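Please open the model in a viewer and keep the sequence panel visible beside it. The tour below proceeds stop by stop, each with a selection to make and a description of what is found there.

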Amino acid sequence: LPSVAAGGLYFVSIYRLCRIAFRSPLLFLAGVVLMAGNPLVLDFMVAARGYGLALALFVYSLLQVAIYLTRDVLRAAPGFWRGPLMKAGLTAGLSVTANHTLAPPCLALSGTLVLLLWRRNEFADCGRRWIAPAISFFGPLFAVAYIFLLVSPFLRIFGGFFSTMEENRLT
């Protein structure tokens with residue numbers, strides 16, 4: 001069931017991402033078909049190892065960064081938190097948690113976001129202009145990573161315990 005939900009999230013995310021990226025209907029259709037019909041992606045989406053979930057969460061994170069950078073979110077939401085960046089940070093952290101193979105792309109997305117925010121002069125003044133986007137993205141990302149680091153030793157200890165019980169039951 002998580003793989004089916006991840007497939008739906010992946011398709012909706014690539015649809016919206018291609019809608020943002022491509023103006024031509026032909027390029028839009030080609031982008032969606034190439035991203036959704038890739039045999040490697042389809043193969044990993046059905047594997048129950050977290051690849052599909054991680055990829056779907058990463059593409060959703062990429063979509064939220066694209067939404068933040070293409071729309072004028074700073075004037076639309078004058079508050080401290082930036083909604084798309086919070087969603088992007090949370091889903092990037094969950095993507096790495098779902099499968100560690102997506103750590104380098106999430107790191108690249110984080111670095112690219114920092115460079116693009118710097119280029120947009122959001123790091124220029126010392127006020128909330130640079131703090132809000134940074135905390136909005138990296139706050140949820142680090143929170144998810146910290147929770148995963150807290151839980152992983154527990155899972156390793158008790159996961160080994162439960163697998164040993166299962167092996168003893170089978171013998």
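**First stop: a buried arginine**

Select Arg-82, which is buried, with a relative accessible area of 6%. The model is a predicted one. Arg-82 sits in the loop between helix 5 (73-76) and helix 6. Now add Ser-136 to the selection: 54 residues separate Arg-82 and Ser-136 along the chain, yet their C-alpha atoms are 5.7 Å apart.

**Second stop: the whole chain**

Clear the selection and colour the chain by secondary structure. How many helices and strands are there in the protein chain? The chain has eight helices and zero strands, and its pattern along the sequence reads α-α-α-α-α-α-α-α. Of the 171 residues in the chain, 32% are buried. Among contacts with a separation of 6 or more, 70% join residues that are 24 or more positions apart.

**Third stop: helix 2**

Select residues 25-36, which form helix 2. Its 12 residues reach 16 Å from the first C-alpha to the last, close to the 16 Å expected at 1.5 Å a residue. Within this helix, highlight Phe-28, Gly-31 and Val-32, which are buried. Why do the buried residues of helix 2 line one face of the helix? Seen down the axis of helix 2, they fall within an arc of 95 degrees, so they line one face. In general, an α-helix has 3.6 residues a turn, so residues three or four places apart point the same way.

Next, show residues 2-21, that is, helix 1, which is part of what covers the buried residues of helix 2. Then turn to the face of helix 2 directed away from its buried side, where the exposed residues Leu-26, Leu-29 and Leu-34 are carried.

**Fourth stop: Gln-64**

Select Gln-64, a residue of helix 4. Is Gln-64 buried or exposed? Gln-64 is buried, since its relative accessible area is 3%, and the cut-off for a buried residue is under 20%. Display Pro-84, Lys-87 and Ala-88 as well: leaving aside neighbours within four places in sequence, these are the residues in contact with Gln-64.

**Fifth stop: the largest pocket**

Select Gly-93, Val-96, Leu-141, Phe-142 and Ala-145. The largest pocket has a volume of about 250 Å³, and the selected residues are the closest to its centre among the 14 that line it. Helix 6 (83-98), helix 7 (103-119) and helix 8 (128-170) are the elements that each give two or more residues to this lining. Which of the helices supplies the largest share of the lining? Helix 8 does, with six residues. By type, the lining residues of the largest pocket divide into 10 nonpolar, four polar and no charged.

**Last stop: the second largest pocket**

The second largest pocket has a volume of about 200 Å³. To display its lining, select Tyr-10, Met-35, Leu-40, Val-41, Phe-44, Tyr-51, Gly-52, Leu-55, Val-59, Thr-101 and Leu-102. Two or more of these residues come from each of helix 3 (39-46) and helix 4 (51-70). Helix 4 provides the largest share of the lining, four residues. In this second largest pocket, nine lining residues are nonpolar, two are polar and none is charged.

Note on methods
Residues are numbered from 1 along each chain as its sequence is written. This is a predicted model: local features need pLDDT of at least 70, side-chain atom pairs count only at pLDDT 80 or more; totals for chains, interfaces and linings use all residues. Side-chain values use heavy atoms; hydrogens and water are left out. The expected span of a helix is 1.5 Å times one less than its number of residues. Buried means under 20% relative accessible area, exposed over 50%, partly exposed in between (1.4 Å probe, protein chains only). The arc is that of the directions from the helix axis to the C-beta atoms. Contact means heavy atoms within 4.5 Å. On a 1 Å grid over the protein atoms alone, a cavity is a set of points where a 1.4 Å probe fits but cannot get out, and a pocket is an open set with protein on both sides within 12 Å along at least five of seven lines; lining residues have an atom within 4 Å of a point. Grid points are joined across faces, edges and corners, and a volume is the space filled by probe spheres set on the points. Ala, Val, Leu, Ile, Met, Phe, Trp, Tyr, Cys and Pro count as nonpolar, Asp, Glu, Lys and Arg as charged, and the others, Gly among them, as polar.
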